Amino acid sequence: SSLRLVTCWHPGGRIFVLPATLKLSATGAGIDNFGAGNVAVAIDEHGNLGDGALGLDGPAIHAHPATQIPFAGHAVPHWDAALAAVHAGQSLLPTVRSVGWDVAITANGPMILEANAWWGVDVIQQPGLRGLLRGEFLDFVTEMGGVQAVRLAERQRALARE
């Protein structure tokens, strides 16, 4: 299992973290890749687990499919240290505006496993059904010149409602 923490660096130098996800193996196969049918669980800003999803197009779930242990009521150990680690990592990459970090939580604290330029928007949004184009991330996308993409998405949603 690992955390997926995504950092974004505003042009003004401020770093923020998108909604986080805990990735878990659904079968005990030793991989936690959401695209391979595993579990992704939403984590709130305080490090507490919320709802999960089973695979990219799978159902919402409230407990691990193999163990039946519920997600709610559990907190991520070393949460503040994990956030500090990805903030520090992002600060070392000033020309990379957004990074998806895979972070393992060990008995001694967080350990960064890898940094991803393509961080998988689905693994962030699907658990807990959290959209990203709002608040701080919408401001970030607009500042980075993605306002046209945002306007196109808004227009597509409006057409779908009509």
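These exercises with solutions concern a predicted model.

**Exercise 1.** Find where R14 sits in the chain, and decide whether R14 is buried, partly exposed or exposed.

*Solution.* Start with the secondary structure: R14 lies in the loop that runs between β1 (2-9) and β2 (15-17). Next, take the relative accessible area of R14, which is 43%. Buried means under 20% and exposed means over 50%, so R14 is partly exposed. Then look at the contacts: leaving out residues up to four places away in sequence, R14 touches C8, W9 and E136. Last, compare sequence with space: R14 and H87 are 73 residues apart in sequence, and their C-alpha atoms are 9.9 Å apart.

**Exercise 2.** Describe helix α1 (residues 79-91) and state on which side its buried residues lie.

*Solution.* First the span: α1 has 13 residues and reaches 19 Å from its first C-alpha to its last, close to the 18 Å expected at 1.5 Å a residue. Second, list the buried residues of α1: W79, A82, L83, V86, G89 and Q90. These cover an arc of only 125 degrees around the axis, so they are on the same side of α1. Third, name their partners: the buried residues of α1 pack against β1, β2, β3, β4 (39-43), β7 and β8 (109-116).

**Exercise 3.** Characterise the largest pocket by its volume and lining.

*Solution.* The volume of the largest pocket is about 270 Å³. Its lining has 17 residues, and L22, L24, L49, F71 and H74 are the closest to the centre. Two or more lining residues come from each of β1, β3 (20-24) and β7 (98-106). Sorted by class, the lining holds 12 nonpolar, 5 polar and no charged residues.

Methods. Residues numbered from 1 in each chain as written. Predicted model: local features only at pLDDT ≥ 70, side-chain atom pairs only at ≥ 80, totals over all residues. Heavy atoms only, no water. Helix = DSSP H or I, 4+ residues; strand = E, 2+ residues; numbered from the N terminus. Buried < 20%, exposed > 50% of the residue type's maximum accessible area, 1.4 Å probe, protein only. Contact = heavy atoms within 4.5 Å. 1 Å grid on protein atoms, 1.4 Å probe; cavity = no way out; pocket = protein on both sides within 12 Å on 5 of 7 lines; lining within 4 Å. Points joined across faces, edges and corners; volume = space filled by probe spheres on them. Nonpolar A, V, L, I, M, F, W, Y, C, P; charged D, E, K, R; others polar. Expected span 1.5 Å × (residues − 1). Arc of directions from axis to C-beta.
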